[in-house]
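The following exercises are to be worked with the sequence and the coordinates at hand. Each task is followed by a solution in steps.

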Amino acid sequence: MLFSYRCDGCSRHIRGVCAHCKQVMLQHDLPSVPGVLAAVRYENTARQLVHGLKFHNHRGIAALFGEVMVERLRSDLEMPNVVTWAPTSKQRAHKRGHDQAELIARAVSLQLGVPCRQLLRRTSSTSQTGQSRSTRLVGPTFVARACANVGRVLLIDDVVTTGSTLGRAATALREAGAIHVTCAAFAATPAPSERR
Ligand SMILES: [Zn+2]
């Protein structure tokens with residue numbers, strides 16, 4: 001196959017993600033989600049790329065997400081001691097062969113030069129995809145391993161909508177002794193007022 005590589009954002013014949021798609025993702029200001037730092041809006045190219053990572057296992061995308069997050073969020077981010085992630089349900093991770101939040105967390109940790117550790121376990125098996133907003137607000141719950149010695153934690157997820165999942169994960173970390181938890185997501189679903 002001569003042209004077997006395609007951009008994950010727009011299907012141009014380029015390996016990885018093309019410069020145009022990168023630029024499109026970065027054209028807006030940072031989305032505003034209370035309590036969560038998010039790098040880009042979850043629409044168009046960003047949505048394509050998250051889809052590529054989630055469902056097609058294109059892991060190179062996670063490295064790009066890590067770069068974009070650190071570049072866009074660095075000025076708002078206090079340097080953490082450890083990076084972790086809000087785990088997806090075991091069934092989903094098993095089916096896909098990976099946990100996309102973990103892949104992004106590992107990419108961010110590499111960019112920051114800070115260790116990445118699994119600190120959270122998901123206790124409910126409900127996955128959010130395809131569920132109503134009200135179900136999502138109940139959402140998954142988490143337990144954290146003892147965090148008394150971990151210091152400042154940067155908690156990562158791929159996409160944030162209401163911030164409730166990350167909020168619950170952050171609470172579990174604090175209850176386990178984390179001194180300070182910053183929540184960050186690659187993309188945020190735009191609020192209705194921001195949608196065009
Ligand atoms: Zn492209």
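**Exercise 1. The zinc site**

Determine whether Cys10 is buried, partly exposed or exposed, and then describe the surroundings of the zinc ion.

*Solution.* Cys10 has a relative accessible area of 31% and is therefore partly exposed; buried means under 20%, exposed over 50% and partly exposed in between, with a 1.4 Å probe and protein chains only. The model is a predicted one, in which local features need pLDDT of at least 70 and side-chain atom pairs count only at pLDDT 80 or more, whereas totals for chains, interfaces and linings use all residues. Residues are numbered from 1 along each chain as its sequence is written, and side-chain values use heavy atoms, with hydrogens and water left out.

Next, list the donors, that is, N, O and S atoms within 2.8 Å of the metal (3.2 Å for Na, K and Ca); water is not among the atoms, so sites may look incomplete. The SG atoms of Cys7, Cys10, Cys18 and Cys21 are the protein donors of the zinc ion, at 2.2 to 2.3 Å. Along the chain, their spacing is C-x2-C-x7-C-x2-C. Unlike Cys10 with its 31%, Cys7 has a relative accessible area of 3% and counts as buried.

Finally, assign the geometry. The angles subtended by the four donor atoms are 104 to 115°, so the arrangement is tetrahedral; four donors are given that name if all angles lie between 85 and 135 degrees.

**Exercise 2. The order of the sheet**

In what order do the strands of the open sheet stand, and which strands form its edges?

*Solution.* Begin with the elements: helices (H or I, at least four residues) and strands (E, at least two) are DSSP runs, numbered from the N terminus. The chain has seven helices and seven strands.

The open sheet holds five strands in the order β1-β2-β7-β6-β3, and its pairing is mixed. The edges are β1 (32–33) and β3 (82–85); each has a single partner strand, so one side of each lacks a neighbour in the sheet.

Now follow the order strand by strand, taking two strands as paired if DSSP finds at least two bridges between them.

1. β1 and β2 (residues 36–41) run antiparallel and are joined by two bridges; Ser32 stands opposite Leu37 in β2.
2. β2 and β7 are parallel, with five bridges, and Val40 faces Ala187 in β7.
3. β7 and β6 are also parallel, joined by eight bridges. Along this pairing, Leu154 stands opposite Thr182, and Val160 has Ala188 as its bridge partner.
4. β6 and β3 pair in the parallel sense over four bridges; here Leu154 of β6 is the bridge partner of Val83.

Leu154 thus has Val83 as a partner and Thr182 opposite it in β7.

**Exercise 3. Helices and burial**

Establish how α2 is placed on the sheet, and how its length compares with the expected span.

*Solution.* Helix α2 (residues 44–56) lies across β2, β6 (152–160) and β7 (180–188), at about 105° to β6. Helix α5 (residues 100–112) lies across β3 and β6, at about 135° to β6. Axes are lines fitted to C-alpha atoms, for helices over the stretch in contact (heavy atoms within 4.5 Å), and angles run from 0 to 180 degrees between N-to-C directions.

The expected span is 1.5 Å times one less than the number of residues. For the 13 residues of α2 this is 18 Å, and the helix reaches 17 Å, which is close.

The buried residues of α2 include Ala46, Leu49, Val50 and Leu53. An α-helix has 3.6 residues a turn, so residues three or four places apart point the same way.

Turning to the strands beneath, eight of the nine residues of β6 are buried. β7 likewise has eight of nine residues buried, so it is largely enclosed by the rest of the structure.

**Exercise 4. A glycine before β6**

Is Gly151 buried or exposed, and which residues does it touch?

*Solution.* Gly151 lies in the loop between β5 (142–144) and β6. Its relative accessibility is 11%, so it counts as buried. Apart from neighbours within four places in sequence, its contacts are Asn81, Ala178, Ile179 and His180. Gly177 is 26 residues from Gly151 in sequence, with 8.5 Å between their C-alpha atoms. Gly177 itself follows α7 and has a positive phi near 115°.

Technical notes
Tetrahedral: all angles 85-135°; square planar, octahedral: opposite > 155°, others 65-115°.
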